[in-house]
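Student: I should like to learn how to read a ligand site and the fold around it. Could we take the features one by one?

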Amino acid sequence: MSRVFNFGAGPAMLPEPVLRQAAEEMLDWRGSGMSVMEMSHRGKEFIGIHAQAEADLRELLAIPKNYKVLFLQGGAAAQFALVPMNLLRGKDRADYVATGYWSQKAIAEAKRYCKVNIAATTEDAKFTCTPKQGTWNLDPGAAYVHITSNETIEGVEWHWIPDTNGVPLVTDASSHILSRPLDVSRFGLIYAGAQKNIGQAGLTIVIVRDDLIGHAMPATPAVFDYKIQAEADSMHNTPASFALYFAGLVFEWLKQRGGLKKMEEINIAKARLLYDYLDQTEFYHTPVAKEDRSRMNVQFRLRNEKLDAEFLKQAESRGLTQLKGHRALGGMRASIYNAMPIEGVKALVDFMREFERKNG
Ligand code: PMP
């Protein structure tokens, strides 16, 4: 068996020990005589799996008691609609910060439910940075302020948390959740799809402050009403049970590795390897502002785009896969989530150096 270094943005590489454990437990989960996939979600085994996963996630992120953790379905894209449906709380408008492809998607969807004020945007800078707080135009009547704290496609990450004058801050943290510690108490709501840094597609995590729930629009489907799901322990209907079990194994793996502070150290070291190289070569470049560079998604380009196809082909032949940038942007992107070992990043930098030597 040979596994590749998969630099895909999601679904993405997962920790090998976790995949192995899931494989070992596939036919008989811990003496139950069945796979987690086959269990009743109301049975004691699955209720235990769910409770442990939630407890471990709470421990990893130090989630305060006055926050609910919901395990939902529909992906982060469903949250683009569900955030306004649940959080407008009778108001008619919300603030959004436009920093790239995914925040624009969130904005487009929110416009179906409310007036959207673009409180800040980095469009003029072609979405290569985060917007300086002084440039913001916050609406004091907004129900919430929405940011995308890691723009997966542009490779822009917020290494700071904005001040919103007491208006609840909401973030789409899909592509960097669990890559570093996070001060949950600064947010009203955090959401993330699982298929990047957590596990399997099909599971979406919502962490929401108690006082913000219970005011969903009447048209909100019950399975997407945060209050209803919170009261039902995310089991108003059948949850994505295997995805939740798998996420639980990843949480356990993260705890064994030393938690999020340790993961952050490793992720800084991995990202530095790649950015340091990009900073000292003329052959490749990255347009992202130094202070806003993502540790998870490294966007870069070959100055000579005619070499793109050859670069990708040779990378692939060495087991360095899915480096092609998103179709909206072109170029290259190396996603180096928690599960990407530093050896994978070293192998990529070695290959890039060699490709430069031969083609530069
Ligand atoms: N937000 C961000 C930041 C993303 O990276 C993605 C997926 N690439 C999405 C939202 C959409 O996620 P999903 O496909 O799970 O709905």
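Tutor: Let us begin with the site itself. The space that the ligand takes is the largest pocket of this predicted model.

Student: Which residues surround the ligand?

Tutor: A residue is counted here if one of its heavy atoms lies within 4 Å of the ligand. The shell consists of Gly75, Ala76, Ala77, Phe80, Trp102, Asn150, Thr152, Asp172, Ser174, Gln195 and Lys196. By class, it divides into 4 nonpolar, 5 polar and 2 charged residues.

Student: Which element gives the largest share of the shell around the ligand?

Tutor: That element is helix α3, residues 75–87, which supplies 4 residues of the shell.

Student: How should I read the polar contacts of the ligand?

Tutor: One looks for pairs of N or O atoms within 3.5 Å. Two such pairs involve the protein backbone: an N or O atom of Ala76 is 3.2 Å from a ligand oxygen, and an N or O atom of Ala77 is 2.8 Å from an oxygen of the ligand. From a side chain, a polar atom of Gln195 lies 2.8 Å from a ligand oxygen atom.

Student: How much of the ligand does the protein bury?

Tutor: Here one compares the ligand alone with the ligand in place. Alone, the ligand exposes 400 Å², and the protein buries 84% of that area.

Student: Let us turn to the strands. What is the strand order in the open sheet of 3 strands?

Tutor: The order is β11-β12-β14, and the pairing is antiparallel. To find the edges, one asks which strands pair on one side only; these are β11 (284–285) and β14 (332–335).

Student: How many bridges join β11 and β12?

Tutor: β11 pairs with β12, residues 297–302, in the antiparallel sense over 2 bridges. As an example of a bridge, Tyr284 has Leu302 in β12 as its partner.

Student: Finally, which backbone angles deserve attention?

Tutor: Consider omega, then phi. The peptide bond from Gly10 to Pro11 is cis, with omega near -5 degrees; Pro11 is placed in the loop between β1 (5–6) and α1 (16–24). Arg30, a residue other than glycine, has a positive phi near 45 degrees. Arg30 belongs to the loop between α1 and α2 (44–61).

Methods: Residues numbered from 1 in each chain as written. Predicted model: local features only at pLDDT ≥ 70, side-chain atom pairs only at ≥ 80, totals over all residues. Heavy atoms only, no water. Polar contact = N/O pair within 3.5 Å; in protein donor to acceptor, adjacent residues only side chain to side chain. Areas by Shrake-Rupley, 256 points an atom, 1.4 Å probe, with all protein chains shown as cover. 1 Å grid on protein atoms, 1.4 Å probe; cavity = no way out; pocket = protein on both sides within 12 Å on 5 of 7 lines; lining within 4 Å. Sits in = over half its atoms within 2 Å of the grid points. Nonpolar A, V, L, I, M, F, W, Y, C, P; charged D, E, K, R; others polar. Pairing = 2+ DSSP bridges.
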